[in-house]
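Trainee: Pick one part of this model and take me through it slowly. I'd like to hear about the charged side-chain pairs and where they sit.

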Amino acid sequence: LNQLGKAYAFEPSETLFEILNYNCAENSNVTPVKIALSDKAGVVLCHKEWEHMVIGKSDSENNNIAVVSESGDEYCKWNFITPDVIKIDVEGHEVKVLRGLHETIKQNRPIIFLETHYGRIPLDGDTTNDIVNFIKEFNYTVIDSFTDSEIDPEEINKEKEGERHLVLIPK
């Protein structure tokens with residue numbers, strides 16, 4: 001990590017935040033933040049699946065957990081953060097996180113590492129087309145990180161299940 005650089009790691013899960021906090025103790029360049037990023041400030045309902053915290057209600061009421069959320073734009077604004085790289089791995093909440101970072105991305109044009117969970121995106125009330133529209137609006141090139149090749153953003157709409165790791169690079 002660049003000695004002048006700073007990283008912010010967002011984790012709403014109490015258990016995983018403790019692990020994150022422990023791991024960050026050795027690196028003063030990483031600041032752990034115990035909130036969920038979303039499209040607005042408030043509270044989002046999550047549930048645990050294995051070790052992952054997933055946005056949305058669980059089938060089991062005992063598994064539901066309310067966590068504090070914040071938009072990335074507001075967090076960056078109030079903490080004077082201008083990111084040049086953003087990594088998003090939010091188990092289907094991708095569209096809301098991208099919406100919440102709209103102004104930050106518009107102003108800073110960061111490289112974005114985006115893990116997409118195709119089957120989960122509709123469960124959060126969004127579509128893969130929302131991601132495609134975002135890519136087009138901000139004029140990003142899309143690279144599939146497994147094949148290391150450029151893909152047409154429209155290819156994202158063809159996926160219905162599974163996940164894909166994308167790198168979005170500003171043109």
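Mentor: Let's fix the term before we count: a salt bridge here is a side-chain nitrogen of Lys or Arg within 4 Å of a carboxyl oxygen of Asp or Glu. With that rule, a search of the whole structure turns up nine salt bridges. Keep in mind that this is a predicted model, where local features need pLDDT of at least 70, side-chain atom pairs count only at pLDDT 80 or more, and totals for chains, interfaces and linings use all residues. Residues are numbered from 1 along each chain as its sequence is written, and side-chain values use heavy atoms, with hydrogens and water left out.

Start with Asp-126, whose side chain meets that of Lys-96 in a salt bridge (2.8 Å, N to O). Asp-126 lies in the loop between β8 and α5 (128-138) and Lys-96 in helix α3 (residues 94-100), so the pair ties together parts 30 residues apart in sequence. The labels come from DSSP runs numbered from the N terminus: helices are H or I with at least four residues, strands are E with at least two. Asp-126 and Lys-96 are both buried, meaning under 20% relative accessible area; exposed is over 50%, and partly exposed is in between (1.4 Å probe, protein chains only).

Asp-126 also has a salt bridge to Arg-99, with the closest N and O atoms 2.9 Å apart. That one links helix α3 to the same loop between β8 and α5, 27 residues apart. Arg-99 counts as partly exposed because its relative accessibility is 40%, while Asp-126, at 5%, counts as buried.

Now for another pair: Asp-144 and Arg-164 meet through their side chains at 2.6 Å, N to O. Asp-144 is in strand β9 and Arg-164 in strand β11, 20 residues apart. Both are buried. As for the helix α3 group, salt bridges with shared partners join Lys-96, Arg-99, Asp-124, Asp-126 and Asp-130 into one network.

What do β9 and β11 belong to? They're in an open sheet of five strands, ordered β7-β8-β11-β9-β10, with mixed pairing; two strands pair if DSSP finds at least two bridges between them. The edge strands, β7 (85-88) and β10 (149-151), each pair on one side only. Strand β9 (residues 140-144) and strand β11 (residues 163-170) run antiparallel and are joined by five bridges, with Ile-143 opposite Val-167 of β11. By contrast, β7 runs parallel to strand β8 (residues 111-117), through four bridges, and Lys-87 has Phe-113 in β8 as its bridge partner.
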